[in-house]
Protein chains: 2
Amino acid sequence: MRQAMLEDEFRDFQYSVSMTTRKPRPGEVNGRDYYFVSKAEFEDNIKNDQMLEYARYVDNYYGTPLKYVNQTLDEGRDVLLEIEVNGARQVREKCPDGVFIFLTPPDLGELRQRIEKRGTDDEATIDKRMDKAAAEIKMMAHYDYAVVNDQVDLAVQRIEKIIESEHLRVDRVLDRYEKMIGAVK
Amino acid sequence: MRQAMLEDEFRDFQYSVSMTTRKPRPGEVNGRDYYFVSKAEFEDNIKNDQMLEYARYVDNYYGTPLKYVNQTLDEGRDVLLEIEVNGARQVREKCPDGVFIFLTPPDLGELRQRIEKRGTDDEATIDKRMDKAAAEIKMMAHYDYAVVNDQVDLAVQRIEKIIESEHLRVDRVLDRYEKMIGAVK
């Protein structure tokens, strides 16, 4: 849903397709949902520095192959990665000019009240859930922007503004202007 | 015009009113168009570090008094200063967390063609005008964002996006989130 809405707004960016060694589920299409590869192929990609980021969960690898990201960037389009914090850290190292947006849970106090009102969880479970949310928020410090994920359409608008605004940053456009000056002088 | 349009879009920011020692012109209102003060009063403000930025043109001072800027910021609203590059440099020193947006002339090559087509200026005059535009663009490196001032309504939209997006920067909101975590734990 979020993905569909964003793609509707931005025609000049593309979601990255992840690579995985897990088996495709019914209906999943290679190259659209994932690039489905063998363990040996994935490990070759790692060895040859062809993964922008990756992680291993249980027995499978998941990650972002560099090739398609670079292809899209070379076409002058933005690439969006929807990834976990450890993946983001790897991308930050390889792409220091990337833009890192952290999706935050809505207000924690409100979240607690909502769960308490529902009355299905005991206090210990709620505490654990709050601890998890708090730990997540602490990761925010490693990101550039924080977007509250309260309502999907609002979150989409905020991300849209960030992307468009980042395109106006001087350190991203100065080269172009300097060339323009050179061309008319 | 630009000012009116921006104020229409953003209800939670305020244009700063400058202070000057020049005499009010017919129709100008003290506190709306400028704060009209004596030379002695302006120099007192300078001496007491009460000017965010200032400059002297011919026989008059022009500048931004700190007092009203701080008042507006304390109310939780943004302050917009529309100032020259030297003023901006002074503000950057005093407010490193300010956001600096450079309004650029449209494409220089196009500008040159337009002037040449008009045929009212000789080549030397056009060269001089191009040099001036090029020199201005070089100042861009000291700013955070560059907004092309081609059409007022588009420029307004770009500035709007920058302001809203800057409010989502982690270094501006992290404190608030950390307090929130503290409050529920």
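## A walk through the two chains

Let's start with the sheet in chain A, where 4 strands line up in the order β3-β2-β5-β4, forming an open sheet with mixed pairing. The edge positions go to β3 (35-36) and β4 (51-57) of chain A; each has a single partner strand, so one side of each is left without a neighbour in the sheet. Keep in mind as you look around that this is a predicted model.

As background, strands of a sheet pair through backbone hydrogen bonds, and the pairing can be parallel or antiparallel. Take β2 (residues 19-20) of chain A as an example: 2 bridges join it to β5 (residues 60-65) of chain A, and the two strands run antiparallel. To find this spot on screen, go to A:T20, whose bridge partner in β5(A) is A:Y62.

What packs on this sheet? Helix α2 (residues 39-47) of chain A does, touching β2, β4 and β5 of chain A. The direction of α2 makes about 135 degrees with that of β4(A). Helix α3 (residues 66-74) of chain A packs on the sheet as well, and its contacts are with β3, β4 and β5 of chain A. Here the direction of the helix makes about 20 degrees with that of β5(A).

Now follow β4(A) over to β5(A). These two pair in the antiparallel sense over 6 bridges, and one place to see it is A:M51, which has A:P65 as its bridge partner in β5(A). Together the strands make a hairpin with 2 residues between them, and in that hairpin A:V58 takes a positive phi near 50 degrees. Another backbone angle to check is at A:D49, in the loop between α2 and β4 of chain A. A:D49 has a positive phi of about 60 degrees although it is not a glycine.

Stepping back from the sheet, how is chain A divided? There is a domain 1 (15-96) and a domain 2 (99-185). The C-alpha centres of these two domains of chain A lie 22 Å apart. The domains do touch: 9 residues of domain 1 of chain A are in contact with 8 residues of domain 2 of chain A.

On to chain B. Its sheet is again described by the order β3-β2-β5-β4, with 4 strands, an open form and mixed pairing. At the edges of this one stand β3 (35-36) and β4 (51-57) of chain B, each with a single partner strand, so one side of each is left without a neighbour in the sheet. Inside the sheet, β2 (residues 19-20) of chain B pairs with β5 (residues 60-65) of chain B, in the antiparallel sense and over 2 bridges. Look for B:T20 here, which stands opposite B:Y62 in β5(B). Helix α3 (residues 66-74) of chain B packs on the sheet and touches β3, β4 and β5 of chain B, its direction making about 20 degrees with that of β5(B). For a positive phi in this chain, try B:V58, which is not a glycine and sits at about 50 degrees. B:V58 is in the loop between β4 and β5 of chain B.

How do the two chains relate to each other? A rotation of 180 degrees, with 0.0 Å of shift along its axis, superposes chain A on chain B with an RMSD of 0.1 Å. The two copies are therefore related as by a two-fold rotation axis. The same surface serves both copies, since 100% of the contact residues of chain A recur in chain B. If you want a landmark for the axis, use A:K161: of the residues of chain A, this one comes closest, with its C-alpha at 2.6 Å.

That brings us to the α7 helices. Helix α7 (residues 152-166) of chain A packs against helix α7 (residues 152-166) of chain B at an angle of about 115 degrees, and their axes are 8 Å apart. The crossing of α7(A) past α7(B) is left-handed. Which residues meet there? From α7(A) come A:K161, A:I162, A:E164 and A:S165, and they meet B:K161, B:I162, B:E164 and B:S165 in α7(B). By character, the residues of this contact of α7(A) with α7(B) divide into 2 nonpolar, 2 polar and 4 charged.

Technical notes: Residues numbered from 1 in each chain as written. Chains lettered and ligands numbered in written order. Predicted model: local features only at pLDDT ≥ 70, side-chain atom pairs only at ≥ 80, totals over all residues. Heavy atoms only, no water. Pairing = 2+ DSSP bridges. Contact = heavy atoms within 4.5 Å. Axes fitted to C-alpha atoms, helices over the stretch in contact; angles between N-to-C directions. Least-squares fit on C-alpha atoms with pLDDT ≥ 70 in both. Left-handed = near helix turned anticlockwise from the far one by under 90°. Nonpolar A, V, L, I, M, F, W, Y, C, P; charged D, E, K, R; others polar. Domains from an automatic or database assignment.
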